[in-house]
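Visitor: I should like to understand how the descriptive terms for a protein model are justified. Please take me through the reasoning.

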Amino acid sequence: MRRGGTYIDATAGLGGHSYEIAKRLGAPGHLIGVDKDPRALAIAASRLRVSGVGLPASGVGLQTSGLSGSRDEASDWPEVTLLHRSFAGLAEVRGLRADGLLADLGVSSLQLDDAARGFSFQAEGPLDMRMDPHNERTAEQVVNHLDERQLADVIYEFGEERRSRRIARAICRSRPIRNTAHLADVISAAARPMNSEQRRIHPATRTFQALRIFVNRELDDLRALLAAAPRILKPGGRVVVISFHSLEDRIVKDAFRGDGITDKYFRALTKKPLIASDEESSRNPRARSAKLRAAERI
């Protein structure tokens with residue numbers, strides 16, 4: 001990381017990564033944080049001591065204010081911009097040029113742990129699953145209105161669920177489905193685990209993943225971000241992506257290693273993805289499936 005540079009946290013979330021970046025940038029630097037979830041962005045704003053959250057088309061930042069902590073830290077805090085939008089829209093920010101870009105993909109603890117958001121089958125909640133509550137499409141609409149074949153294709157493509165047709169048939173026969181607990185029960189009855197491999201995860205895990213990815217256009221947005229990265233990054237700038245399942249990792253790997261389009265832009269810095277150590281996984285079980293890949297703009 002270059003002190004005084006411009007860095008983008010494309011998934012600002014609760015501001016954890018953003019805070020660590022800001023500490024290292026110093027007063028000449030500029031941190032741009034982006035997130036679809038306005039609730040998460042408000043928490044990040046508080047953590048980063050930003051006076052408000054905006055949508056500046058030009059990418060001109062909101063100055064930090066009210067910084068607590070030591071006087072030295074306050075005087076050496078970078079400019080911070082927080083944008084409420086999908087990172088797929090970064091290419092539309094005029095004049096944006098960065099020294100580095102970080103994307104920590106997937107769903108956050110804030111979203112998973114709030115039953116009212118509908119991301120998890122661990123507790124009963126509405127079938128929502130929207131990261132941005134302003135989006136029109138919800139999981140309930142997908143579950144109750146797609147025809148059986150379309151629903152099976154979504155479950156198979158975005159959840160890599162081999163029992164997708166059986167699950168889709170059961171869902172269609174059980175409509176209307178109004179909450180996460182009902183959906184999880186329907187899936188569990190239709191896709192009972194038959195062997196030790198299937199018993200390792202809840203039968204509804206892959207279907208819930210598929211619905212979340214489809215509702216939030218996660219893979220389309222990731223492709224758009226990686227396509228925009230060569231235009232956003234300065235020569236020598238670095239992009240780091242942390243993914244949590246094979247669909248995301250495959251897209252990142254193809255972009256960094258060359259798919260006929262981006263190979264002239266990136267030099268891969270990680271031949272194989274970096275994964276969490278046993279110690280880190282024991283402290284944070286959700287890190288077990290994380291894979292980190294990095295590349296440099298050439």
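Guide: A helix here is a DSSP run of H or I with at least four residues, and helices are numbered from the N terminus. In this predicted model, Glu218 belongs to helix α11, which covers residues 218–232.

Visitor: Why is Glu218 called buried?

Guide: The term buried applies under 20% relative accessible area. Glu218 has a relative accessible area of 9%, and is therefore buried.

Visitor: Which residues does Glu218 touch, leaving aside those up to four places away in sequence?

Guide: Glu218 is in contact with Gly106, Met131, Arg212, Ile213 and Glu248. Contact requires heavy atoms within 4.5 Å.

Visitor: What makes α6 and α10 roughly perpendicular to each other?

Guide: The axes of helix α6 (residues 148–159) and helix α10 (residues 205–216) cross at roughly 95 degrees and come within 8 Å. Angles of 65 to 115 degrees count as roughly perpendicular, and therefore this description fits α6 and α10. The residues of their contact divide into eight nonpolar, three polar and one charged. Among those that meet are Leu151 and Phe158 in α6, and Leu211 and Phe214 in α10.

Visitor: Which element gives the most to the lining of the second largest pocket?

Guide: Strand β4 does, with four residues. The second largest pocket has a volume of about 310 Å³. Of its 13 lining residues, the closest to the centre are Met1, Tyr7, Gly100, Arg238 and Val240.

Visitor: How do the residues of that lining divide by character?

Guide: Nine are nonpolar, one is polar and three are charged.

Definitions and conventions
Residues numbered from 1 in each chain as written. Predicted model: local features only at pLDDT ≥ 70, side-chain atom pairs only at ≥ 80, totals over all residues. Heavy atoms only, no water. Helix = DSSP H or I, 4+ residues; strand = E, 2+ residues; numbered from the N terminus. Buried < 20%, exposed > 50% of the residue type's maximum accessible area, 1.4 Å probe, protein only. Axes fitted to C-alpha atoms, helices over the stretch in contact; angles between N-to-C directions. Parallel < 35°, antiparallel > 145°, perpendicular 65-115°, else oblique. Nonpolar A, V, L, I, M, F, W, Y, C, P; charged D, E, K, R; others polar. 1 Å grid on protein atoms, 1.4 Å probe; cavity = no way out; pocket = protein on both sides within 12 Å on 5 of 7 lines; lining within 4 Å. Points joined across faces, edges and corners; volume = space filled by probe spheres on them.
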